[in-house]
Amino acid sequence: MFRTISNIMKVEDLRKKILFTLLILIVFRIGNFIPVPNIDVDALKRFGEAQEGIFGLINTFSGGALFNFSIFAMGIMPYITASIIVQLLTMDVIPKFVQWAKEGEAGKRKLAQVTRYGTIILGLIQAYGLSIGFNTQYSMVINPSFMIYTIIAIVLTAGTAFLMWIGEQITEKGIGNGISIIIFAGIVAGIPGMSKQIYTSLFVAEDVTIFLSVLKLILILLSVLLIVVGVIFVQQGVRKIPVQYAKRVVGRKMYGGQSTHIPLKVNAAGVIPVIFALSLIIFPTTIASFFQGNGAADWILNNLYYDQPLGMFLYVVLIIGFTYFYTFVQINPVQMADQMKKNGGYIPGIRPGKTTAAYITKLMTRITLSGAIFLALISILPVFFIKLAGLPSSVTIGGTSLLIVVGVGLETMKQVESQLIKRHYKGFINK
């Protein structure tokens with residue numbers, strides 16, 4: 001490993017990208033401790049002591065910024081929600097969006113611009129909701145008025161917009177997917193606090209049996225190991241489709257005739273479906289949490305949170321749905337089949353054109369199903385284990401957090417690996 005790190009430092013371009021990403025993450029962590037104006041810090045501390053449930057979940061993904069009510073309190077969630085809406089609208093809903101989606105890089109830039117505007121609008125709405133809702137429950141806002149709420153909402157929205165910008169900067173000039181890296185950094189920053197909660201619950205609380213506490217700790221560590229191994233195993237899984245290219249003569253030279261393969265990943269979508277599913281499943285419960293006492297709001301809180309039977313079912317359905325959606329957005333079987341046909345390629349035993357597209361679609365559907373089920377299981381199984389261990393509800397997100405951390409870490413490592421291989425250096429993965 002040390003030799004690999006030494007190789008990374010030798011490559012100037014790669015070294016600059018990694019240092020740039022680290023500097024951006026330092027800025028992100030500093031921003032998590034800068035509070036918005038007109039907030040009562042003592043009320044925030046009392047709120048932090050009672051952290052659990054849906055707010056504990058949002059706080060985990062914001063790196064602790066929510067309970068500090070800092071400028072990054074909303075995290076990157078409005079951007080993720082806006083991305084989901086825009087991508088859904090490109091599925092033959094708005095013709096202009098469909099046209100842009102087919103225009104390549106130019107179209108992607110236009111859709112990205114729409115996503116940015118959508119982020120600002122959603123962020124502003126959510127910022128008003130957070131400030132008014134939190135003040136209603138915890139009296140955090142000093143001298144509340146429409147103007148004060150507007151100032152707080154503008155600051156929170158600006159914080160989300162800044163996070164969106166630095167995420168794009170990481171994607172463009174750093175290493176890995178910027179938005180995923182920011183979520184990754186937020187979760188990793190919360191690991192010490194989560195570990196302290198687990199230790200307190202197992203060994204410091206009243207009526208603790210040391211033997212049972214040690215047994216629970218061993219089971220938790222085994223669960224963590226199982227998730228890490230499982231994520232790596234599935235992320236590395238690939239189905240290779242053989243492709244044969246016909247020989248053709250151009251002038252005096254002969255082209256083609258070689259055999260190759262198309263690698264279809266078991267989980268081509270990575271951890272994005274889990275992030276998308278969480279964003280949608282927490283939206284109604286976040287809104288309902290500000291109206292506790294109302295019959296409809298209480299029903300939503302008691303049934304739609306992801307650790308309840310109905311909420312868990314919807315969470316699983318969303319993960320599976322987004323896995324298929326994101327996989328087929330990334331890999332277009334019809335486009336792939338047309339490209340193969342133009343270059344004289346074919347899958348042995350399968351006719352070029354529509355038959356090849358149908359064959360690839362069939363394989364992708366089967367492969368993606370196993371990847372989607374795996375993501376869903378890894379996301380919900382830790383909920384059962386943590387409930388059996390009697391840990392605080394704020395720790396129940398641990399399984400999904402670990403899934404995201406390992407998935408993003410693996411994808412980022414692969415990018416570093418590819419950069420090293422280009423320059424003939426040995427990377428992290430031994431082959």
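Along helix 8, which covers residues 105–138, a series of positions is buried in this predicted model: Gly107, Leu111, Thr115, Gly118 and Thr119, then Gly123, Ala127, Leu130 and Ser131, and finally Gly133, Phe134 and Asn135. The length of the helix can be checked against what its residue count leads one to expect, because at 1.5 Å a residue the 34 residues of helix 8 should span 50 Å, and the end C-alpha atoms, which are 47 Å apart, agree with that expectation. Helix 8 is followed by Ser139, a residue whose phi is positive, near 50°.

Helix 8 also leads the reader to the largest pocket, since the largest share of the lining of that pocket, 7 residues, comes from this helix. The space in the largest pocket amounts to about 2000 Å³, and 49 residues line it. Which residues lie nearest the centre of the largest pocket? They are Gln87, Lys108, Tyr326, Val329 and Gln330. Sorted by class, the lining of the largest pocket is made up of 21 nonpolar, 18 polar and 10 charged residues.

From the pocket we can turn to the enclosed spaces. Rolling a probe the size of a water molecule over the atoms shows where empty space is left. When the whole structure is searched, 2 cavities of 30 Å³ or more are found. The largest cavity, with a volume of about 60 Å³, is lined by 10 residues, and of these Phe61, Ser62, Gly75, Ile76 and Ile183 lie nearest its centre. Two or more residues of this lining are given by helix 4 (53–61) and by helix 10 (178–204). In terms of class, the lining of the largest cavity holds 8 nonpolar and 2 polar residues, while no charged residues take part in it.

The second largest cavity contains about 30 Å³ of space, and its lining consists of Leu264, Lys265, Thr327, Ile331, Met364, Ile367 and Thr368. Where does this lining come from, in terms of elements that supply at least two residues each? Strand 4 (259–265) and helix 16 (354–389) both do so, and helix 16 gives the most, with 3 residues. The lining of the second largest cavity divides into 4 nonpolar, 2 polar and 1 charged residues, whereas the lining of the largest cavity has no charged residues.

Technical notes: Residues are numbered from 1 along each chain as its sequence is written. This is a predicted model: local features need pLDDT of at least 70, side-chain atom pairs count only at pLDDT 80 or more; totals for chains, interfaces and linings use all residues. Side-chain values use heavy atoms; hydrogens and water are left out. On a 1 Å grid over the protein atoms alone, a cavity is a set of points where a 1.4 Å probe fits but cannot get out, and a pocket is an open set with protein on both sides within 12 Å along at least five of seven lines; lining residues have an atom within 4 Å of a point. Grid points are joined across faces, edges and corners, and a volume is the space filled by probe spheres set on the points. Helices (H or I, at least four residues) and strands (E, at least two) are DSSP runs, numbered from the N terminus. Ala, Val, Leu, Ile, Met, Phe, Trp, Tyr, Cys and Pro count as nonpolar, Asp, Glu, Lys and Arg as charged, and the others, Gly among them, as polar. The expected span of a helix is 1.5 Å times one less than its number of residues. Buried means under 20% relative accessible area, exposed over 50%, partly exposed in between (1.4 Å probe, protein chains only).
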